[in-house]
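Work through the exercises below with the model open beside you. Try each task before reading its solution.

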Amino acid sequence: MLEIKDLTVEVGGRRVLNNVNLSVLPGSTSVLFGPNGSGKSTLLSTIMGLGNYKVVKGQILFNDVDITHMPINERARLGIGLMSQRPPNLSGVNLYDIIKVSSRGKVDPKNLASKLNMENFLSRDVNVGFSGGEIKRSELLQLAAQDPCLFMLDEPESGVDLESIERVGTMVHDLISGGRCAGKREESGKSALVITHTGQILDYIEADRGYVLCDGTITCTGNPRELLKDIRTKGYEECIKCRLIEMN
Ligand SMILES: Nc1ncnc2c1ncn2[C@@H]1O[C@H](COP(=O)(O)OP(=O)(O)OP(=O)(O)O)[C@@H](O)[C@H]1O
């Protein structure tokens, strides 16, 4: 479904990603780990096509289509969706309307919002004055309304309180595992690329492959739960060793 080949990206004139190779197969979930500032959000933003991210080398393929330089709206139309870590405030656009528009009128905003206890936020402008956890839930509602084929989730559990985490995790699980993708890949299930520091979201989703990004480079791949265990017990250093072992 998604294939990243030798991707090198600059942000603000600084090289942030170096020769990144990564793939997410149809119907599967990949997890991205890595220390603060290693380039995880940059990778997701570049795949989505957000501004300021300059691809200086490499390719992004989505269902065999080269989307490397495609505008963001076309990527969304192809079925790519992002739950961003720091989305903008949308003054003048309320949550009800954005859910209606994102779902092309197919979703009842009240019904959807009730799943994350967000009914009282529907009349408010998107993200304006929302707390960190409220922004996460609002972003997830918008993504659920869009219902993409590839769900990119940037730390979906961070800042979410312990009671809401159950709701968020359940919704993420249902979104990824439910239904089929529209379009020419109808036979394929939905896929996800998820960033997590704590791994809490792994209690709710089945993850197939994990990647560790250190200083803009993929240093390790493997079973996500085992990678998380190694990171917890030995730190990210171990991942760099892992790459050296693979290279020798
Ligand atoms: N517009 C920008 N101008 C300059 N540097 C930037 C810009 N955007 C991102 N960076 C830098 O790129 C690096 C990677 O940032 P990114 O947000 O991708 O990291 P991350 O791995 O997602 O970190 P975290 O785990 O803290 O969320 C950071 O050092 C950041 O300061």
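**Exercise 1: partners of β1**

β1 and strand β4 (residues 53–62) run antiparallel and share eight bridges. The model is a predicted one.

Task: Find the bridge partner of E10 in β4.

Solution. Start from the pairing of β1 with β4, which is antiparallel. Then go to E10 and look across to β4: its bridge partner there is K54.

Task: Which strand pairs with β1 over seven bridges, and in which sense?

Solution. Take β1, residues 2–11. Its partner over seven bridges is β2, residues 14–24, and the sense is antiparallel. Check one pair: L7 has V20 as its bridge partner in β2. Now look at the hairpin of β1 and β2. Two residues lie between the strands, and G12 takes a positive phi near 55°.

**Exercise 2: the six-stranded sheet**

Task: Give the strand order of the open sheet and name its edge strands.

Solution. The order is β6-β9-β10-β3-β11-β12, with mixed pairing. The edges are β6 (80–83) and β12 (217–222), each paired on one side only. On average, neighbouring strands are turned by 20° against each other, direction ignored.

Task: In what sense do β3 and β10 pair?

Solution. Locate β3 at residues 29–33 and β10 at residues 191–195. They pair in the parallel sense, over four bridges. As a check, L32 stands opposite I195 in β10.

**Exercise 3: a helix on the sheet**

Task: Which strands does helix α1 touch?

Solution. Find α1 at residues 40–48; this helix packs on the sheet. The strands touched are β3, β6, β9 (150–154), β10 and β11 (209–214). Finally, compare directions: that of α1 makes about 150° with that of β9.

How values were computed: Residues are numbered from 1 along each chain as its sequence is written. This is a predicted model: local features need pLDDT of at least 70, side-chain atom pairs count only at pLDDT 80 or more; totals for chains, interfaces and linings use all residues. Two strands pair if DSSP finds at least two bridges between them. Axes are lines fitted to C-alpha atoms, for helices over the stretch in contact, and angles run from 0 to 180 degrees between N-to-C directions. Two residues are in contact if their C-beta atoms, placed from the backbone, lie within 7 Å.
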